[in-house]
Amino acid sequence: MGQALTLAKESALKGEVPVGAVLVKDGQVISQSGNSPISSLDPTAHAEVNTLRVAAKIMGNYRLVGTTLYSTLEPCVMCAGAIMHARISRLVFGAYDQKSGACGSVIDLFGHEKLNHHTSVLGGVMPTECAEVLQTFFKNRR
């Protein structure tokens, strides 16, 4: 989570909402990214999606079985869907997102029994540090 937090801070310096994500398999970092929808003019360029795109190319497969994704913020519906389709085994996130979180805050896509893939989810890892980066970013923008 520490590396994801560093990526989030780097995103903030670029004017992006500070979210970072790191994908790990067998203790090795496969890929990592911060948010970039503003700079890339791409509404899907969230840290999680960016990380999955790179990892799929590196691993040579769109299914990223046996991996853990670390994100500083509870994923939104789009990112949660991408995580499911990529067959990520485990998701660990920092801050909860009461406005658009799809892991229990607003909706729990991973807990929906009719969906065919169920990623293991652990939220609230370094939540204060992760939330603080977001709060500072938005406070400075106002």
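Is Phe137 buried or exposed, and what is its relative accessible area? Phe137 is buried, with a relative accessible area of 9%, and the points below place this residue among the helices and strands of what is a predicted model.

1. The sheet. The five strands form an open sheet with mixed pairing, and their order across the sheet is S2-S1-S3-S4-S5. The edge strands are S2, residues 28-34, and S5, residues 120-122, each of which pairs on one side only. From one strand to the next, the twist averages 15°.

2. Strand S1 and its partners. S1 runs antiparallel to S2, to which six bridges join it, and S1 also runs antiparallel to S3, in this case with five bridges. A good residue to look for is Val22, which stands opposite Gln32 in S2 and opposite Tyr70 in S3. S1 is mostly covered, since five of its six residues are buried.

3. The turn between S1 and S2. These two strands form a hairpin with two residues between them, and in this turn Asp26 has a positive phi of about 50°. A positive phi also appears at Arg87, which follows helix H4 and has a value near 60°.

4. The parallel pair. Strand S3, residues 67-73, pairs with strand S4, residues 90-95, in the parallel sense over five bridges. Tyr70 can be used once more as a landmark, for it stands opposite Val92 in S4.

5. Helices beside the sheet. Helix H3, made of residues 47-59, lies across strands S1, S2 and S3, and runs at about 140° to S2. In helix H4, which covers residues 77-85, the buried residues are Cys79, Ala80, Gly81, Ile83 and Met84. What do the buried residues of H4 pack against? They pack against H3, S3 and S4, so that a reader tracing H4 should look at a helix and two strands together.6. The pair of helices H1 and H5. Helix H1, residues 2-13, packs with helix H5, residues 127-141, at an angle of about 5°, and their axes are 10 Å apart. Angles under 35 degrees count as roughly parallel, and H1 and H5 are therefore roughly parallel to each other. On the H1 side the contact involves Leu5, Ala8, Lys9 and Ala12, and these meet Glu129, Cys130, Val133 and Phe137 in H5. The residues of this contact divide into six nonpolar, no polar and two charged.

7. Aromatic pairs. A pair of aromatic rings is described by two values, the distance of the centres and the angle of the planes. The count here comes to two aromatic pairs. Phe93 and Tyr96 form an edge-to-face pair, with 5.0 Å centre to centre and 80° between the planes. Within this pair Phe93 is buried, at a relative accessible area of 1%, whereas Tyr96 is partly exposed, at 43%. Phe137 and Phe138 form an aromatic pair that is likewise edge-to-face, with 5.1 Å centre to centre and 80° between the planes.

8. Returning to the opening question. Phe137 is buried, its relative accessible area being 9%, while Phe138 counts as partly exposed at 33% relative accessibility. Phe137 is also one of the H5 residues that meet H1, and its ring is paired with that of Phe138.

Technical notes:
Residues numbered from 1 in each chain as written. Predicted model: local features only at pLDDT ≥ 70, side-chain atom pairs only at ≥ 80, totals over all residues. Heavy atoms only, no water. Pairing = 2+ DSSP bridges. Helix = DSSP H or I, 4+ residues; strand = E, 2+ residues; numbered from the N terminus. Axes fitted to C-alpha atoms, helices over the stretch in contact; angles between N-to-C directions. Contact = heavy atoms within 4.5 Å. Parallel < 35°, antiparallel > 145°, perpendicular 65-115°, else oblique. Nonpolar A, V, L, I, M, F, W, Y, C, P; charged D, E, K, R; others polar. Buried < 20%, exposed > 50% of the residue type's maximum accessible area, 1.4 Å probe, protein only. Phe/Tyr/Trp six-rings, centres within 6.5 Å; stacked < 30°, edge-to-face > 60°.
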